[in-house]
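Got the viewer open and a selection box ready? Let's take a walk through this one, stop by stop.

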Amino acid sequence: MTGERTKDCGRAEELLADWMEGESGPEFTALEAHLATCSSCSALAEDLRRIATTAASLPDITPPRDLWPEIAMRLTPRQAGYVAGAVLTRHSASHPVSSTRRFRIERWRAPLAAAAAVLVVATGALLVTRSGDNAPVPTAAAPSEAPAASGEAILASSQPVNSAQLLSQSYAAEIEALTTILANDRGILDTATVGVLRRNLEVIDAAIQESRQALEQDPASELLTEQLNVIYDMKLEMLRRTVILSSGA
Amino acid sequence: MALRPQQETSQLATSRPDSALRIEPDVRGAAAGDAYAFQRLYRRYMPRVYSLCVRMLGDQAESEEATQDVFVRLWDKLPLYRGDSAFSTWLHRLAVNVVLSRMKVRGTERNRFAGEETLEQVSLRSAPAGAAMDLEAAIAMLPAGARRVFVLHDVEGYTHEEIGDLLGISAGGSKAQLHRARVILRKTLDR
């Protein structure tokens with residue numbers, strides 16, 4: 001077997017693609033004969049085959065963050081009528097939905113929408129305030145004011161809801177872990193950032209409280225249960241982003 | 001999770017009128033508006049969808065957005081699903097369409113991974129000399145045209161005819177792009 005390129009090598013490369021697709025015929029028989037004697041072309045064929053084989057068995061990739069909260073946000077505000085409507089429409093054929101239930105569903109959207117808006121606005125605000133001197137945010141000019149209170153303020157406003165029958169252990173554990181990180185990072189975030197965080201966590205916590213109350217009135221509602229989870233997800237997402245942003249501040 | 005179209009060809013071919021009866025409960029539930037069931041579908045299928053997006057688009061942030069687009073679109077389209085093909089196949093095709101639309105609308109081809117880039121141009125933005133590059137990183141560096149075909153064919157299992165339909169090119173063109181992609185990958189991985 002030779003490793004030097006010959007005039008047949010160019011033709012062999014042209015035929016390789018079809019040969020790998022399983023094509024057959026006299027010219028491919030000639031190609032196989034060439035591969036048996038040319039180490040350069042046989043190595044090329046082997047490498048290309050290995051690439052294809054490896055590609056077919058690549059493992060799935062997971063995103064670095066949970067995408068569900070933002071998906072849920074996009075479903076609810078823009079398609080809330082559809083979400084509720086789908087439930088109501090499908091059920092209405094065989095299980096008419098009472099006006100009371102419809103009212104609960106409608107009423108429940110408000111806290112979710114508020115929490116969703118907070119998550120979007122808060123992230124933007126964090127990015128702006130993180131930019132420091134260049135940020136056109138007046139309150140960002142006082143980074144030295146009470147930095148030690150930053151973590152405490154965050155902790156004070158984001159304590160896990162203690163009576164959460166519907167709060168899974170994972171939520172509580174992760175919220176606690178994130179708030180602990182933020183508490184340890186006290187002083188890194190400036191006052192303006194902490195203020196944004198505190199206000200928005202208050203809104204999210206209020207949304208959680210309101211949704212929990214709605215769920216207490218309708219404890220069998222999967223929709224309300226799910227949406228309470230969505231709001232908890234939003235809270236977690238905001239805390240996660242804060243931790244990431246503070247680590248790069 | 002079986003999403004590769006080629007693996008499900010037989011199931012598609014043997015689709016029966018009663019196929020809707022085989023629709024999994026969460027798909028039925030989500031189609032009926034059950035957000036809880038929909039979230040379970042998301043958890044189950046998201047990694048596969050995200051993998052497709054990130055390999056096709058080559059950008060993490062855009063892939064996250066595309067994945068979200070896929071599931072928002074899925075929520076819209078689910079009531080139309082009749083079970084004539086495997087749900088995973090149906091979702092996969094939806095995801096591919098979302099990605100391709102996104103690439104077209106945003107002019108991804110005009111970015112630094114432009115489809116008409118030469119291999120020499122590709123080499124200019126290669127990883128540091130001597131650095132080992134895995135296949136994922138090498139795929140991300142492919143020119144857009146070659147990357148799309150390579151991902152659809154070698155990773156996702158589409159046939160050249162299916163790729164031709166999706167991309168509006170001939171099956172022969174798909175074969176040529178695939179070979180080009182593999183050769184570029186080999187050179188990139190050999191560095």
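A residue counts as buried here if 20 or more other C-beta atoms lie within 10 Å of its own. By that cut-off, buried residues make up 41% of the 191 residues in chain B. Keep in mind as you click around that this is a predicted model.

**Stop 1: chain B as a whole.** Select chain B and switch to cartoon. You'll see ten helices and zero strands, so to speak a plain run of α-α-α-α-α-α-α-α-α-α along the sequence. Among contacts in chain B between residues at least 6 apart in sequence, 67% join residues at least 24 apart.

**Stop 2: the core.** Now show side chains for Cys53(B) and Val99(B). In the largest nonpolar core, which has 77 residues, these two touch the most other members. The top contributor to this core is α3(B), with 14 residues. What does Cys53(B) touch, leaving aside its neighbours within four places in sequence? Its contacts are Ser63(B), Ala66(B), Thr67(B) and Val99(B).

**Stop 3: helix α4(B).** Ser63(B), Ala66(B) and Thr67(B) turn up again among the buried residues of α4(B). Select residues 60-77 of chain B to get the whole helix. The rest of its buried set is Gln68(B), Val70(B), Phe71(B), Leu74(B) and Trp75(B). Try the distance tool, too: from first C-alpha to last, the 18 residues of α4(B) reach 25 Å, close to the 26 Å expected at 1.5 Å a residue.

**Stop 4: helices α9(B) and α10(B).** Select 160-167 in chain B for α9(B) and 171-190 for α10(B). How do their axes cross, and within what distance do they come? The crossing is at roughly 100°, and the axes come within 8 Å. An angle from 65 to 115 degrees counts as roughly perpendicular, so α9(B) and α10(B) are roughly perpendicular to each other. Where they meet, α9(B) brings His160(B), Glu161(B), Ile163(B) and Gly164(B), while α10(B) brings Ala171(B), Ser174(B) and Lys175(B). Colour that contact by class and you get two nonpolar, three polar and two charged residues.

Stay on α10(B) for a moment. Its 20 residues should span 28 Å at 1.5 Å a residue, and the end C-alpha atoms are 29 Å apart, so the two agree. Among its buried residues are Ser174(B) and Lys175(B) from the α9(B) contact, along with Leu178(B), Ile184(B) and Leu185(B).

**Stop 5: where the chains touch.** Bring chain A back into view. Here 29 residues of chain B are in contact with 28 residues of chain A. On the chain B side, α3, α4, α7, α8 and α10 each supply at least two residues, and α3(B) gives the most, with ten. By class, that side has 15 nonpolar, six polar and eight charged residues.

From chain A, pick Ala55(A), which is found in helix α3, residues 39-56. Is Ala55(A) buried or exposed? It counts as buried, because it has 22 C-beta neighbours inside 10 Å. Not counting residues up to four places away in sequence, Ala55(A) touches Leu135(B), Asp154(B) and Val155(B).

**Stop 6: inside chain A.** Finish at Leu16(A), in helix α1, residues 7-20. Leu16(A) counts as buried with 21 C-beta neighbours inside 10 Å. Draw a C-alpha to C-alpha distance to Ala45(A): the two are 29 residues apart in sequence and 7.0 Å apart in space. Ala45(A) is also one of the residues that Leu16(A) touches, together with Leu44(A) and Leu48(A).

Methods. Residues are numbered from 1 along each chain as its sequence is written. Chains are lettered from A and ligands numbered from 1 in the order in which they are written. This is a predicted model: local features need pLDDT of at least 70, side-chain atom pairs count only at pLDDT 80 or more; totals for chains, interfaces and linings use all residues. Helices (H or I, at least four residues) and strands (E, at least two) are DSSP runs, numbered from the N terminus. The expected span of a helix is 1.5 Å times one less than its number of residues. A residue is buried if 20 or more other C-beta atoms lie within 10 Å of its own, exposed if 12 or fewer, and partly exposed in between; C-beta atoms are placed from the backbone. Two residues are in contact if their C-beta atoms, placed from the backbone, lie within 7 Å. Ala, Val, Leu, Ile, Met, Phe, Trp, Tyr, Cys and Pro count as nonpolar, Asp, Glu, Lys and Arg as charged, and the others, Gly among them, as polar. A nonpolar core is a set of buried Ala, Val, Leu, Ile, Met, Phe, Trp, Tyr and Cys residues joined through C-beta atoms within 7 Å. Axes are lines fitted to C-alpha atoms, for helices over the stretch in contact, and angles run from 0 to 180 degrees between N-to-C directions. Angles under 35 degrees count as roughly parallel, over 145 as roughly antiparallel, 65 to 115 as roughly perpendicular and the rest as oblique.
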